[in-house]
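The following exercises are to be worked through with the sequence and the model at hand. Each task is followed by a solution in steps.

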Amino acid sequence: MNKIKIVSTGKYLPPKILTNFDLEKMVDTSNEWIVTRTGIKERRIVEDTVATSDIATFAAKECLDKAGVSPDEIDTIIVATITPDMFFPSTACIVHKKLGGKNEPFSFDISAACSGFVYGLAIAESLLRTAKSKKLLLIGAETLSKVTNWKDRNTCVLFGDGAGAMLLSTTTDENESDGIISTYLSSDGNYDNLLYIPAGGSRMPATKETVEKNLHTITMSGKEVFKVAVTKMVESVIRCCQEANITPQQLDLLIPHQANLRIINAVGERLNLDPQKVFVNVDRYGNMSAATTIVGLDEAISQGRIKKGSLVGLVAFGGGFTWGAAILRI
Ligand code: ACO
């Protein structure tokens, strides 16, 4: 079985900032309510003309530039997203075109909502271990602002746009330690009606009525999501650590999915982690679904909170419900 190297990471956050004070002018809410209930202060929003493949490509370019790797060398592109440019072709295929690589990588999208990047890591691990892939670009990218009901205060304060990318490769270098230590994935489709976009698919294709009723935007039962999210994220970290033969306290940093500061704190407390070891950036970006953990990882590296050799846990939870974790050696 091949050893895996995490070569580099990159990210892209759109420059336009939407603050809680901006939202106060749009819906019946307050900065105080949003900060107290979620920890979010502001989020990034793409311009109308920008699609998920655009920001995914920016993140991928930064990642490849850092590694000095040409798009021609990439043999696999995976994009985790619930806001693809269109049903098909996949956003991964569009990213391939935009990167301009002359090779013909195999490219596909993953739909696992906020757990998409962690799901992607497990898939990447299988492909690289078995040498089906040798240089793989894994991207988590979302333009959730395009599927947000900006009149619904229950949801519109929560989400933001952003993208992150990771380049992984196989390695035979004796001095390199294995980059993916363990992964754990799970789901329960019985919760499908607690967090979803009702219309636009084959169950309820777009009509004038579905547009008028705002059925193409995120619908969520926040309280129920909250409870299951905490339980399943804690369980995922424990199971992933068991497989890696470590305790959660041995992690140098845990990067949880950034949906709500209260969820992040509850997960850290239940795992008995020092708060310094739990990464938070939800205050600046809100919930970017599949992009949160990889943007967090890229920021933690550039802030020097993770160094070469650090043990890092990623854990996520999202619509489906889906959940999972990964333990990485950077
Ligand atoms: N501003 C002011 N008041 C509000 C707002 C708002 N933006 N939103 C809701 N309220 C009101 C509600 O109407 C309710 O009023 P009522 O008591 O008069 O009915 C009151 O505030 C309390 O609402 P709750 O739903 O009880 O608030 P809660 O403390 O549960 O917080 C929240 C809501 C923030 C949504 C929380 O439940 C949460 O974070 N849930 C998890 C979300 C999540 O994890 N999503 C992850 C996956 S996302 C994905 O996969 C794309």
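**Exercise 1: The five-stranded sheet**

The strand order β1-β7-β6-β4-β5 describes an open sheet of five strands with mixed pairing. Its edge strands are β1 (3–12) and β5 (106–110), each of which pairs on one side only. On average, neighbouring strands of this sheet are turned by 15 degrees against each other, direction ignored.

The model is predicted: local features need pLDDT of at least 70, side-chain atom pairs count only at pLDDT 80 or more, and totals for chains, interfaces and linings use all residues. Residues are numbered from 1 along each chain as its sequence is written, and side-chain values use heavy atoms, with hydrogens and water left out.

Task: Determine in which sense β1 and β6 pair with β7, and which helices pack on the sheet.

Step 1. Fix the terms. Helices (H or I, at least four residues) and strands (E, at least two) are DSSP runs, numbered from the N terminus. Two strands pair if DSSP finds at least two bridges between them.

Step 2. Examine the partners of β7 (residues 161–171). Strand β1 pairs with β7 in the antiparallel sense over nine bridges. Within this pairing, Gly10 has Ala165 as its bridge partner, and Lys11 stands opposite Gly164. Strands β6 and β7 also pair in the antiparallel sense, over nine bridges; here Ala141 has Ala163 of β7 as its bridge partner.

Step 3. Assess burial. Of the 11 residues of β7, 10 are buried (under 20% relative accessible area; exposed is over 50%, partly exposed in between; 1.4 Å probe, protein chains only). The strand is therefore largely enclosed by the rest of the structure.

Step 4. Add the helices. Helix α3 lies across β1, β6 (135–143) and β7, and runs at about 125 degrees to β1. Helix α4 (residues 91–99) packs on the sheet and touches β4 (76–80), β5 and β6; its direction makes about 125 degrees with that of β4. Axes are lines fitted to C-alpha atoms, for helices over the stretch in contact, and angles run from 0 to 180 degrees between N-to-C directions.

**Exercise 2: Asp54**

Task: Is Asp54 buried or exposed, and with which side chain does the side chain of Asp54 make a polar contact?

Step 1. Asp54 is found in helix α3 (residues 52–67).

Step 2. With a relative accessible area of 18%, Asp54 is buried.

Step 3. Its contacts (heavy atoms within 4.5 Å), leaving aside neighbours within four places in sequence, are Thr49 and Lys98.

Step 4. The side chains of Asp54 and Lys98 make a polar contact at 2.4 Å. A polar contact is a pair of N or O atoms within 3.5 Å; within protein, one must be able to donate a hydrogen and the other to accept it, and residues adjacent in sequence count only if both atoms are side-chain atoms.

**Exercise 3: Thr38 and the ligand**

Task: Which residues are in contact with Thr38, and which residues are closest to the ligand?

Step 1. Thr38 is found in helix α2 (residues 31–38) and is buried, with a relative accessible area of 2%.

Step 2. Apart from neighbours within four places in sequence, Thr38 is in contact with Leu158, Asn260, Leu261 and Val282. Thr38 and Leu261 are 223 residues apart in sequence, yet 5.4 Å apart in space, C-alpha to C-alpha. The side chain of Thr38 also reaches the backbone oxygen of Ile34 at 2.5 Å.

Step 3. The ligand is surrounded by 24 residues (a heavy atom within 4 Å), of which the closest are Thr29, Arg37, Cys114, Lys223 and Asn260.

Step 4. A polar side-chain atom of Arg37 lies 2.7 Å from an oxygen atom of the ligand. Backbone N or O atoms lie 2.9 Å from a ligand nitrogen in the case of Arg153, and 3.0 Å from a ligand nitrogen in the case of Gly222.

**Exercise 4: Helix α8**

Task: What should the 23 residues of α8 span, and how far apart are its end C-alpha atoms?

Step 1. The expected span is 1.5 Å times one less than the number of residues. For α8 (residues 222–244) this gives 33 Å.

Step 2. The end C-alpha atoms are 32 Å apart, which agrees.

Step 3. Buried residues of α8 include Val225, Val228, Met233 and Cys240. Just after the helix, Asn245 takes a positive phi of about 60 degrees.
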